[in-house]
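Some questions on a predicted model follow, each with a short reasoned answer.

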Amino acid sequence: MASLVSAFAPTSRRTVTKMVRSSKNAIAPSILQSVSDDIMMDNSAETTDITASSPRKHFHCYLLRSLDPKHPLKTYVGYTADPIRRLRQHNGEFCTLMPERDNKAQDIRKKVCPVDEMPFAAATDTRTKKAQKVNGSWAQMHFDLSLFPSAAPTQSRLLGQRRHQSNWALNAVTPQASHFFATSGFNQSDEKSEPEEEKPESPKVEVVEESEQPAVKIPAKFKPYPFQYHQEFIVAIDALTNLGFGIARIDLDEPHDNPVADGDDSDEASNDPKKWVVFVPNVIPGESARIRIYRNYATYSDADLLEIIEASPDRIEPKCDLANICGGCQYQHITVDRQRQMKTIQVQELFERLGGLKADEFPSVLPTLGTDEVFGYRSKITPHYDAPLKKKGTKKNKDGNYKGISCEIGPIGFKEKASRRLVDVPYCHIATPDINEALARVRDETRQTAREGKLKKPTKGATLLLRDAGDGVETDHNVYVKTTVKDLVFRFKAGNFFQNNPFMLPKMVDLVVDAATIPSPSGKAMTHLIDCYCGSGLFAIGSSSSFEACVGIEVNEMAVEEARENAALNGIENCAFVSASAEAIFDPVTLEGRSDLVVGDFPKETTVVVVDPPRKGCSVEFLEQLNEYKPQRVVYMSCDPATQARDAKYLVSYGYEIVSVQPFDLFPQTRHIECLATFELKD
C-alpha cells in the first residue's frame, strides 16, 4: 500500500524545517535524491538518519505507489502519532490536489489536475463536509516555483497548528532514499510499474469480487481499514464469543499494528498480527459463511451474515421469525444439546484464560445442566420503546411542557443484535404463555395511551414490565407478587430482581444447598452460613434448615426488608439479614435484634460463604476481607462466568482450591450462563 521512507521526530515539536527548492522541470525522484543531502533542520546542515528510532514520531514523509499509472510516485506529508494507521485509515486511496490558486471549498478527491501542473499527490479526507471545513488545505502541498513540496499549515488539528506555529514541515529525506528507489520497484518515469506477484489466497477466506457487490452509500463515520464498507468474504467460523457472535479470522496482506492486550474483552480478537478477527451473528463453529463487513474497530470488525455456505449438522430452523435480528436470543438456530455443549466449553476456557488456571489445576467443568423447558420458560420480560416525541420541532403545550400531546409509538420490543435500534416484538417465544397473552394487551394499551396524549414523559423512551408470578401477569413495578420455590413462599416487588426461570430455580437451590452442606475435608459438619448479595433471601432461606444460623447481607434496603418478611412468612427463625455492602459483612457489628449473631464470631472452620454478586462480580475490597476471614468454604453463584473466573484467580491465590464448576442453562436459546463454583480452603 505504502512504503515509509522517513518517519521520525525532531527533538522539539516546534522545529521548523527549511525546504531547499530545485528546478521545476525535474522529475519527482530526482528531486528527492538531489536535495536529500542539503535539507537543513534547526538551521543545521545535519540530516536525520532514516533508521533512527524515536518514541515520538510526529513529522512524516511517505513515498506512495500511485493508483494512477500517470503518477508513479506520490508523497504524503503530515502530522500524526501513528503514521501507518493514518495511511490505513485512508485505505491507500490517494488523489491529486487542485493547484493552490483554486481556493473554492470542494471535495478535493474529485479534482484531478494535469500531471505537468502537479505530479505529486497527498492523502486527503474523503468527506466533502470535512474538506469544506478545512478549506481544502488538509495536508496540501505547495508548489511555489518548485516541484519540491513544502507542507501547508493544517486547519484540521488546531492544537497541532498552534504548537507548530502554522508550519507543518516536511522532514528531511536522507540518502537512503536513493537505495529505496533502486530496490522498491518504483519507476522513475511516467511508465507504469510492473505488477506485483499476487499472493496465494488463504484456504479459509475467499474474497468476493467487487463487481459482484452493489454500490452503496458509505456511512460518514465508517473507517475503511482494514476492509471496505460492504466488502464480502467467505470465511470459516472458528468459535463463539461470550456474546454469542461467531469468530472468523481473515489473513491481512501485512501485519496490523493493534495487538490485543491480555484480558481485552473485545474478547477473542487475535494476537496474531496477520490475522484480523471478524464477528458474525447467527453462525455455529465449524460452518463456512458468506459475510459482509459493515464496521471496523481498532482490533476487529463486525459483519452481517449473508449466506451459510456449509451448514453445521447442529443447525435448525429458529422457532421465532425474528430470531436472526432480535438481540433477545442468540442461539435459536442451534440445537439445545449443542448450545449446552458450547456453554460448557466456554466456561472451561474462561477459567483457563481469565482465571489464569491450567486445565490440570482444577476439575473439568461439568456438563451444563438444564431442563426440558427450552421455550415458554421466562417469567419476566422488559420490552422497550423509544421516545415517541422529539423535543426539537415539537411545540410545547400552554403549560410549557409536552403533556397532553398526541403521538405515535414506534417499535416495542428489544434491541437488534448488532445495533441500538429496536425490533418490534409482538410475541416472545421464550416468555411464558401468560406473558405473551398479556403482551398483546399491554402493547395496544401503551400505543393508545400515546395517541390520547397521556404518556407521562412523551419525549423519553420507556421500559415495560411483564412479570408472571403464577397467579397472573403484573405490569406495575411496585406491586408485590408471590412465587413458590421448593415449598417456600417468596414475596417481592414485581420490579425487583428475582430469578426468571421457575423451572430451573429449584435445581439451582438444591445444588447450592448440597455444595454448602458437604462436610469439610476434616469431617466436620458445616454449621453457619453467610449469604452475601442475598437479595430477597433465596439461598439463605432455602438453606436455613441445614444450618444452625444463617446471615444475609444486601446493599438494597428494600430487598433486605423483603428477605426478613420472607423468613417470617415461612416461619424461619435462624436467619437474620442486614442492609450493607457485601464487604461490611465481616465487620464486628451486632445484627439488629440478634446479639447472638455476630458474623465475626462464627467458627471459620465450619462456616460457608455463599456469594451471588451482580454481573460485575465481587469487589476487590470484599475479596480481601473474605481472605482475612478465611471461611472453610466459598460457594460462588454467578450470572457471568467471565467475572467469576476473574474472581477465582483471587480465591486460588488466597489458598482455596476449586472443587467443582457447574454451569446452568438458565436461559436456553440465549448466550447467558449461570455458573456455580465451589472453593475449599486447603489444609
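Q: Is Ile-435 buried or exposed?
A: A residue counts as buried when its relative accessible area is under 20%. Ile-435 has a relative accessible area of 0%, so by that cut-off Ile-435 is buried.

Q: Which residue, 38 residues apart from Ile-435 along the chain, has its C-alpha atom at 6.3 Å from that of Ile-435?
A: Ile-435 belongs to helix 7, residues 433-451. Beyond its neighbours up to four places away in sequence, Ile-435 touches Arg-378, Ser-379, Lys-380, Ile-381, Leu-466, Asp-468 and Val-473. The one whose C-alpha atom lies at 6.3 Å, 38 residues apart along the chain, is Val-473.

Q: Which helix gives the most residues to the largest nonpolar core?
A: The largest nonpolar core has 65 residues, and Leu-529, Leu-538, Phe-577 and Val-635 have the most contacts inside it. The helix that gives the most to this core, with 7 residues, spans 505-517 and is helix 8.

Q: How many residues are in the other core, the one that includes Phe-622?
A: This core lies apart from the largest one. Among its residues are Leu-350, Phe-622, Leu-623 and Ala-642, and its number of residues is 38.

Q: Why is Cys-639 classed as partly exposed?
A: An unreviewed UniProt entry lists Cys-639 under "active site". Cys-639 sits in the loop between strand 27 (633-638) and helix 12 (641-653), and among the residues it touches are Pro-613, Arg-615 and Glu-674. Partly exposed covers the range between under 20% and over 50%, so Cys-639 falls in that class because its relative accessible area is 21%.

Notes:
Residues numbered from 1 in each chain as written. Predicted model: local features only at pLDDT ≥ 70, side-chain atom pairs only at ≥ 80, totals over all residues. Heavy atoms only, no water. Core = buried A, V, L, I, M, F, W, Y, C linked by side-chain atoms within 4.5 Å. Buried < 20%, exposed > 50% of the residue type's maximum accessible area, 1.4 Å probe, protein only. Helix = DSSP H or I, 4+ residues; strand = E, 2+ residues; numbered from the N terminus. UniProt positions renumbered as here; feature names shortened; annotations may be inferred. Contact = heavy atoms within 4.5 Å.
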